[in-house]
Amino acid sequence: YVRFHLISPLIQQSAENIVLFDTFVNILSHNLGEPAYEADVAQLEYKLVAGEYGLIIRVKGFNHKLPLLFQLIIDYLSDFSFTPAVFEMITEQLKKTYYNILIKPETLSKDVRLLILEHGRWSMIDKYQTLMKGLSIEALSAFVTAFKAQLFVEGLVQGNFTS
């Protein structure tokens with residue numbers, strides 16, 4: 001079991017940064033779909049989560065091939081690229097996701113409660129409005145470059161691993 005948290009102060013600076021981060025993580029997951037398929041067949045699991053303060057990478061499975069899967073994820077992260085069509089598809093999916101959160105009273109009330117309790121939190125309404133105004137491909141590219149330049153990493157490795 002390997003878990004790394006790539007933390008960046010850049011994410012919480014604005015609602016636009018949070019939306020760009022969500023877009024980045026979703027495109028990265030989309031890009032990994034085909035190359036990581038073989039790992040899935042080999043009973044290795046991975047998950048990318050857009051956490052509140054950074055990207056969480058979780059990988060688990062048999063230890064002899066786990067480093068290869070983790071390296072694949074890191075390679076796709078470091079050489080991040082995307083097409084305009086994928087960008088459009090992911091932003092449309094995010095619009096639906098944000099909207100679905102806003103129309104459900106229980107998730108909206110949770111978001112409002114957290115907005116009141118946590119200083120500096122951006123509401124789902126802010127994120128949805130930012131996304132509806134439109135994001136540019138250039139803004140995403142600039143955000144990803146800045147994100148990779150301002151990272152702090154926390155990691156946990158459990159299981160049958162050598163040092």
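**Exercise 1. Decide whether threonine 130 is buried or exposed, and describe its surroundings in this predicted model.**

Solution. Start from the relative accessible area of threonine 130, which is 15%. Buried means under 20% relative accessible area, so threonine 130 is classed as buried. Next, place the residue in the secondary structure: threonine 130 is found in helix H6, which covers residues 124-133. Finally, leaving aside residues up to four places away in sequence, list what threonine 130 touches, namely Ala15, Glu16 and Val19.

**Exercise 2. Work out which secondary structure elements the chain contains and in what order they follow one another.**

Solution. Begin with the totals, which come to 7 helices and 4 strands. Then read along the sequence, where the elements follow the pattern β-α-α-β-β-α-α-α-α-α-β. The radius of gyration is 17 Å, close to the 15 Å that the globule rule gives for 163 residues, so the chain is as compact as a globular protein of that length. To complete the overall picture, note that the C-alpha trace spans about 45 × 35 × 30 Å along its principal axes, and that buried residues make up 35% of the 163 residues.

**Exercise 3. Find which residues glutamate 154 touches beyond its sequence neighbours.**

Solution. First locate glutamate 154, which lies in strand E4, residues 152-157. Then set aside residues up to four places away in sequence, after which the residues touched by glutamate 154 are Arg3, Phe4, His5 and Ile7. For isoleucine 7, compare sequence with space: glutamate 154 and isoleucine 7 are 147 residues apart along the chain, yet their C-alpha atoms are separated by 7.8 Å. As a last step, set this beside the chain as a whole, in which residues 24 or more positions apart account for 75% of the contacts with a separation of 6 or more.

**Exercise 4. Classify the ring pair formed by phenylalanine 80 and phenylalanine 82, and place it among the aromatic residues.**

Solution. Count the aromatic pairs, of which there are 9. For phenylalanine 80 and phenylalanine 82, the ring centres lie 5.5 Å apart and the planes stand at 45°, so the pair is tilted. Then check accessibility, which shows that both phenylalanine 80 and phenylalanine 82 are buried. Finally, follow the ring pairs outward: they link Phe21, Phe24, Phe80, Phe82, Phe87, Phe143 and Phe147 into a cluster.

**Exercise 5. Describe the exposed area and the charged side chains of the chain.**

Solution. Take the area first: the chain exposes about 9600 Å², and carbon and sulfur atoms supply 56% of it. Then turn to charge, where the chain has 14 positive and 17 negative side chains, the centres of the two sets lying 6 Å apart.

Terms used
Residues numbered from 1 in each chain as written. Predicted model: local features only at pLDDT ≥ 70, side-chain atom pairs only at ≥ 80, totals over all residues. Heavy atoms only, no water. Helix = DSSP H or I, 4+ residues; strand = E, 2+ residues; numbered from the N terminus. Rg over C-alpha atoms; globule rule 2.2 N^0.38 Å. Buried < 20%, exposed > 50% of the residue type's maximum accessible area, 1.4 Å probe, protein only. Contact = heavy atoms within 4.5 Å. Areas by Shrake-Rupley, 256 points an atom, 1.4 Å probe, with all protein chains shown as cover. Lys, Arg positive; Asp, Glu negative; His and termini not counted. Charge placed at Lys NZ, Arg CZ, Asp CG, Glu CD. Phe/Tyr/Trp six-rings, centres within 6.5 Å; stacked < 30°, edge-to-face > 60°.
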